[in-house]
Amino acid sequence: MKEEDHNCLNPVETKHHIEKYGLSVITVGSTSYLPSFAYSVGLWETFSHAEIICFGLRTDLLHQIINDVAELVKSGVQMEQGTGYQNIFANSRANFLKVDTRNIADYFGGALDYYQTQNFEAIQLVWTDRNDKF
């Protein structure tokens, strides 16, 4: 891998996004052992809301989903685990699951760098399949 191919997070850019938009979205491409995923950084600080993570779609789509959910949060909606949401996807129900704190370090590297602590909440967005099953 060449140096210019390396894609490190830019903490200045993350901070700028949080100041401008209330959050930054970090995307991670899939590997041979891990699906692609995206997560928010800044919802905890800006809105006292758990950071959000979701898995398994194209990174550009995951990025948009996080931004769409963030718009709901900005309007005052507190996403809660165990509550069914009909207003996130057109043809699918959504729900949020609490991320076990033991898994924060594995998936929220950019948030750990930004907050300098593991002391924030996180929830995972999940949705139903074509048969309306979680």
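Let's start at Ala94, which touches Thr83, Gly84, Tyr85, Ile88, Phe89, Leu125, Val126, Trp127 and Phe134, leaving aside residues up to four places away in sequence; contact here means heavy atoms within 4.5 Å. Before going further, a word on the ground rules: this is a predicted model, in which local features need pLDDT of at least 70 and side-chain atom pairs count only at pLDDT 80 or more, while totals for chains, interfaces and linings use all residues. Residues are numbered from 1 along each chain as its sequence is written, and side-chain values use heavy atoms, with hydrogens and water left out.

Back to Ala94, which sits in strand β4. Helices (H or I, at least four residues) and strands (E, at least two) are DSSP runs, numbered from the N terminus. Ala94 counts as buried, at 0% relative accessibility; buried means under 20% relative accessible area, exposed over 50%, and partly exposed in between (1.4 Å probe, protein chains only). One of its contacts, Phe134, is 40 residues away in sequence, yet the two C-alpha atoms are 8.5 Å apart in space.

Now for the cores. A nonpolar core is a set of buried Ala, Val, Leu, Ile, Met, Phe, Trp, Tyr and Cys residues joined through side-chain atoms within 4.5 Å. In soluble globular proteins, nonpolar side chains tend to be buried together. The largest core here has 21 residues, and Ile52, Ile66, Val69, Met79, Ile88, Phe96 and Leu125 touch the most other members. Two or more residues each come from β3 (51–55), α3 (59–74), β4 (94–98) and β5 (122–127), with α3 giving the largest share, six residues. Take Val69: not counting residues up to four places away in sequence, Val69 touches Ile52, Met79, Ile88, Phe96 and Leu125. Apart from this core lies another, of 15 residues, among them Ile53, Val99, Tyr115 and Phe120.

Tyr115 leads us on to the aromatic rings. Tyr115 is buried, with a relative accessible area of 15%, and belongs to one aromatic cluster with Phe37, Tyr39, Phe55, Tyr107, Phe108, Tyr114 and Phe120. Rings of Phe, Tyr and Trp (its six-membered ring) pair if their centres lie within 6.5 Å; planes under 30 degrees apart count as stacked, over 60 as edge-to-face and the rest as tilted. The whole structure holds 10 aromatic pairs. Tyr114 and Tyr115 form an edge-to-face pair, 5.2 Å centre to centre with 70° between the planes.

Tyr114 also takes us to helix α1 (residues 11–21), where Thr14 is found. Thr14 touches Ser24, Ile26, Val41 and Tyr114, again not counting residues up to four places away in sequence. At 7% relative accessibility, Thr14 is buried.
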